[in-house]
Amino acid sequence: MPHLKDLGKFFYSKELKVFDMAHITRKTFKCTKCGECCKPITKVSEKDIQRIEKAGFKRGEFLDVDPFRKESGVKDVLKRKNGYCMFLRDNKDKTFDCTIYEHRPDVCREYPFFEGVEKLPSCLPNELVWYKKIEEMG
Ligand code: SF4
Ligand code: SF4
């Protein structure tokens, strides 16, 4: 039976690319424009709102109340349409684009590598809950 140390080498061998499949890093990450990260609610700051206004939109057109904090009445999330952020365009070829890319909120600029995050299992939002476990693996 091979020694565990050797198995480790095997699983991390570049030829098999197992390591690459299991993780993405800032260097290896490549966006496929699948649009999945534009499905969750996008919270915006006043700075983000003003930046979007500079793109020619009025805040009443793109702001909504956070559905998880309805009682607050505060409009601090981007409106959604058909389950996605209203600013997402379906290119009809299985790719999506942000129509306010140059004016997009900070959270969209940073995603998925927020400050202090160097390694992730995936950039898909529903898989990011595993991030901490991966970090613990070192
Ligand atoms: S989920 Fe990942 S691949 Fe898809 S659009 Fe967002 S960053 Fe790109
Ligand atoms: S502003 Fe652009 S990048 Fe951000 S969620 Fe909306 S479509 Fe996606």
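**Close-up views of the predicted model**

**View 1. The contacts of phenylalanine 87.** Leaving out residues up to four places away in sequence, phenylalanine 87 touches Leu78, Cys98, Thr99 and Ile100. The structure shown in this and the following views is a predicted model. Phe87 is one of the 12 residues of the largest nonpolar core. The other members of this core are Cys37, Cys38, Val44, Ile52, Phe62, Val77, Leu78, Cys85, Leu88, Phe96 and Ile100. Phe87 is also found among the residues around ligand 2.

**View 2. Cysteine 98 in strand β7.** Cysteine 98 is placed in strand β7, which runs over residues 96-98. Is Cys98 buried, exposed or partly exposed? Cys98 is partly exposed, because 16 other C-beta atoms lie within 10 Å, while 20 or more would be needed for a buried residue. Its contacts, apart from residues up to four places away in sequence, are Phe87, Leu88, Arg104 and Cys108. Cys98 and Phe87 are 11 residues apart along the chain, and their C-alpha atoms are separated by 5.9 Å.

**View 3. Isoleucine 100 in the loop after β7.** Isoleucine 100 belongs to the loop between β7 and α5. Ile100 counts as buried because 20 other C-beta atoms lie within 10 Å. Ile100 is one of the residues of the largest nonpolar core. It touches Ile52, Ala55 and Phe87, if residues up to four places away in sequence are not counted. Arginine 89 is 11 residues from isoleucine 100 along the chain, with a C-alpha separation of 9.9 Å.

**View 4. Arginine 104, a buried charged residue.** Arginine 104 sits in the loop between β7 (96-98) and α5 (106-110). Arginine counts as a charged residue, and Arg104 is buried because it has 22 C-beta neighbours inside 10 Å. Beyond residues up to four places away in sequence, Arg104 touches Cys98 and Arg109. Which distance separates arginine 104 from aspartate 48 in space? The C-alpha atoms of the two residues are 7.3 Å apart, although 56 residues separate them in sequence.

**View 5. The surroundings of ligand 2.** The shell around ligand 2 consists of Cys38, Thr42, Leu78, Cys85, Phe87, Leu88, Cys98, Ile100, Arg104, Pro105 and Cys108. Sorted by class, this shell has nine nonpolar residues, one polar residue and one charged residue. Three residues from the earlier views, Cys98, Ile100 and Arg104, are among those around ligand 2.

**View 6. The surroundings of ligand 1.** Which residues surround ligand 1? They are Cys31, Thr32, Lys33, Cys34, Gly35, Glu36, Cys37, Pro112, Cys123 and Leu124. This shell has six nonpolar, two polar and two charged residues. Cys37, one of the residues around ligand 1, is also listed in the largest nonpolar core.

**View 7. Backbone details at proline 112 and lysine 33.** Most residues other than glycine have a negative phi, and most peptide bonds are trans. The peptide bond from tyrosine 111 to proline 112 is cis, with omega near -5°. Proline 112 is in the loop between α5 and β8 (119-120). Lysine 33 is not a glycine, yet its phi is positive, about 60°. It lies in the loop between β1 (24-25) and α3 (46-54). Lys33 counts as partly exposed because it has 13 other C-beta atoms within 10 Å. Pro112 and Lys33 both appear in the list of residues surrounding ligand 1.

**View 8. Asparagine 82 between β4 and β5.** Asparagine 82 is in the loop between β4 (80-81) and β5 (84-85). Its phi is positive, about 50°, although asparagine 82 is not a glycine. Why does asparagine 82 count as exposed? It has 7 C-beta neighbours inside 10 Å, and a residue with 12 or fewer counts as exposed.

**View 9. The protein chain and its two low-confidence stretches.** The protein chain has six helices and eight strands, in the order α-α-β-α-α-β-β-β-β-β-β-α-β-α along the sequence. Of its 138 residues, 12% are buried. Among contacts between residues at least 6 apart in sequence, 54% join residues at least 24 apart. The mean pLDDT of the chain is 82, and 77% of its residues reach 70 or more. Residues 1-20 have a pLDDT below 50, and this stretch has five contacts in the model beyond near neighbours in sequence. Residues 130-138 also have a pLDDT below 50, with eight contacts in the model beyond near neighbours in sequence.

Technical notes: Residues numbered from 1 in each chain as written. Chains lettered and ligands numbered in written order. Predicted model: local features only at pLDDT ≥ 70, side-chain atom pairs only at ≥ 80, totals over all residues. Near = placed C-beta within 6 Å. Helix = DSSP H or I, 4+ residues; strand = E, 2+ residues; numbered from the N terminus. Contact = placed C-beta atoms within 7 Å. Core = buried A, V, L, I, M, F, W, Y, C linked by C-beta atoms within 7 Å. pLDDT = per-residue confidence, 0-100.
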